[in-house]
Amino acid sequence: MNRKTYTQWLQLISFGAWPLTYKLMLIFLFTSLFPMGILSYLSLNSSLEQVEKDQKEHLELSSHIISTQIDQLLEQHKTFTQSFAKDPDVMNFLQAPQNPKFKELADNDLLLLTHSLKHVSHVSLIDTQGRFLTSSTPYLVGFSADFRDYFQQAIQGIVFISGLITGHRTQENGLFFAAPVYGEQQKIIGVVVLKLKESAIDELFIKNGLQHSTSIAFLVDENKNIIYHPDNKYRYKNIDALPSLRSYAAEKNTSQALLNTNSLEFDLNGVKYVSGLSETKQKNWHIYIAKPHHEFSTPIEKLFYKNLIILILCSLGSILLAWLLSRTFIRPINVLIQQAKNIKAGNYSLDTDKNIGLFAVAQRNDELGSFAKVFQSMVQEIYHREFALDQLVQQRTNELTTKNQILADTYARIDQELNLAHNMQQAILPQSFPNQDHFEIYANMHPAREMGGDFYDCFALDDGGYAIVVADVAGKGVASAFFMGVSSTIIRQAASLYKEPKEVLAFANTLLCERNPTELFVTVFYGVFYPEKSTLHYASAGHPAPLLRLTSGDITELTLAHDLPLGAWDTADYQQFMITLQPSEVLFIYTDGITEALSESQEEFGEQRLHHWLQQQGKQLSAQDIFHTLKHSIKQFVGQAEPHDDMTVLLLRMQTHEPTLQNQWHITPDLAQISGLIEQVEHFLHPYLANQPEIIFQITLSIDEILNNIIKHSQHPASESIHVLLGINHQSIYCEIKDQGIEFNPFTQEENADIDSELDQRLIGGLGVHLVKTLMDEYRYSRQESMNSICFYKHLPSEHTHEL
């Protein structure tokens, strides 16, 4: 099926595309006939349900009547049995069974009782051993009934009614009533047994007209055996033998379900039956009476079909009426539609056909005629307005073209001025940077718009150091760019007046708070790098912590205080820190535009991705090369997304000068191994620090204290080694100790070392960390990939070391 054919079929079955005539026909059907059909159907269902309910109640009542009659029959013969057990002749005979006189009297009573009760098969007397002493049926005399339930129950003093039992001698079915006979001192001397014929129960069903009717009746005893059924082949069998109930019992998982309901429905030979259930009181027997469903549903169904025929005839009449009415309304509407199509095509001439045209519709006296008259007037008005509108549109088009040209010229001038401002801003930023034998600096800034609020700076100081600045003004655009220029100038002015970074930031903050009408603020990282000692003195005004890639390749953040940005509070104070940069280490200073760069899916570049990127950069790459790889990585991450914020980076890279001498050791976490390691360290350092034994002592003492703390307190795995790396060059001794214990930075804890008390009175803890802080010139802690790293440095004047 091609697309055109599919579209045609879709329009055909879509109600919205139907002609109005068909819609009116369908509306007539649904508004008049559909409710009638629903009411008829609901009425039939309601009547059928009510009749079915009444039939079920009737069947339950019939089964209840029979159960009552059975209870009366059983109660009557139970009473006869009990009364006969109290007869003096019976009691005398059972006490003296050898006495002929007593036997004659007892036999007469047995025969009299048997003949007076229509359905009694026999009445017998049994001794305490279960032997028939006498009976109205003589051939039972001498037979033993000690195995019968009725005897076993009666001999224990219980009046008992058995289920349907087949006589062992008579081979006849019947119910046995047994009652104990008491002699002197209420001692049981025998049992009276009365057998009721099966025909007594059959007669009850026959009297109630259930033998030859279309109804099916059957009786089930407490063991689910069928006592009565019109079909003899099912008698004395389990209820599961009934095909009418087998499927129902299987569905309920057990035939016991049949005994737990008042009514049920089932199919027999394709005929649906409805039944009622009742239970006898004397015995746990159930009577079922079932009747074919069609006997009471067929008349109602015939009535429904008659109503359905009437409904179909009414439907045909409604369709014809709807068709006639629709022609009266649809033809004028089609004329109006055709005239509207002509107007859409630009043809404003009106159809003046007096028979079927617009003129003929306008002659009607109903609403359609009024609408046609208004339509004629509207067409004339539209024609005149469209002509006037064409003239006005042409005039406005000419005016708009002129204004658009003026606007384009204005935008071009603004773009030119913004580009000029951008170039001027870039010109303010340094474009050349120090690049010496053992270090190099590179920086760059990419604004999110033509003008940005980030800036960097790098300039030489009178004392031989280099000031490095990375800052981020709050916001973007022209205001931030102007505030950036002011901030940059003020920081340079402060750097010329003060040496310490914390003093430079404090002075700049005071001036910016005085000259900040727009209430902007700027985060600043300011540091002074001294190439001679490779030291960096720095302070931060709310700026993100720079990253330091160590010689080992691990990434750590510089220690910073949480100080306020410049321009936020005029009395803010700033803290200052110092580190020594080692060969091949890279200091990465950046603004938050790097980590907050957004991809097309609104995912941030993030600190973790930045750490991983910096760790992967080769040691041979220059600072500028490192920046360009970052630029490429962010560009790939961002994709086609718009820039989110200004991005500024400053890199201070130490040139790769590996220590002339380096060694490493691995020990297990055992205190006994520390002394052997210390001897090896002393042996390693002695040739190069022969004139400085105190430095060797300070190094070995620091290593000893750190290893003691790790082994005793870090919970380092016993199966893993602790790594010790030691390096020496002309500037310093560098030591790094790595372990896999719990994460803990000893240098950030409060010092609790007691160095004033006597040795035996000092508190335990804190002294080892205090010694390292006191003896070493620099120390730091980091954790990478589940390993703790503690590094410390001891600066060495070159004139005090032997030739390396």
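Helices and strands are here runs assigned by DSSP, with at least four residues for a helix and at least two for a strand, and they are numbered from the N terminus. In this predicted model, the chain has 17 helices and 25 strands.

Begin with the chain as a whole. It is 804 residues long, and 44% of them count as buried. The surface that the chain exposes comes to about 43600 Å², and 53% of that area is supplied by carbon and sulfur atoms. Contacts can also be sorted by how far apart the two residues lie along the sequence. Among contacts with a separation of 6 or more, 63% are between residues 24 or more positions apart.

Now turn to one strand, β23, which covers residues 732-739. How many of its eight residues are buried? The count is seven, so strand β23 is largely enclosed by the rest of the structure. A residue counts as buried when its relative accessible area is under 20%.

Strand β23 pairs with β22, which spans residues 722-728. The two run antiparallel and are joined by six bridges. To find one of these pairings in the structure, look for V724, whose bridge partner in β23 is I737. Three residues lie between β22 and β23, and the two strands form a hairpin.

Strand β23 also pairs with β25, made up of residues 787-795. This pairing is antiparallel too, and it extends over eight bridges. Here S732 can serve as the starting point: its bridge partner in β25 is H795. Strand β23 is thus paired both with β22 and with β25.

Technical notes:
Residues are numbered from 1 along each chain as its sequence is written. This is a predicted model: local features need pLDDT of at least 70, side-chain atom pairs count only at pLDDT 80 or more; totals for chains, interfaces and linings use all residues. Side-chain values use heavy atoms; hydrogens and water are left out. Buried means under 20% relative accessible area, exposed over 50%, partly exposed in between (1.4 Å probe, protein chains only). Two strands pair if DSSP finds at least two bridges between them. Contact means heavy atoms within 4.5 Å. Accessible areas come from the Shrake-Rupley method with a 1.4 Å probe; for residues, only the protein chains shown count as cover.
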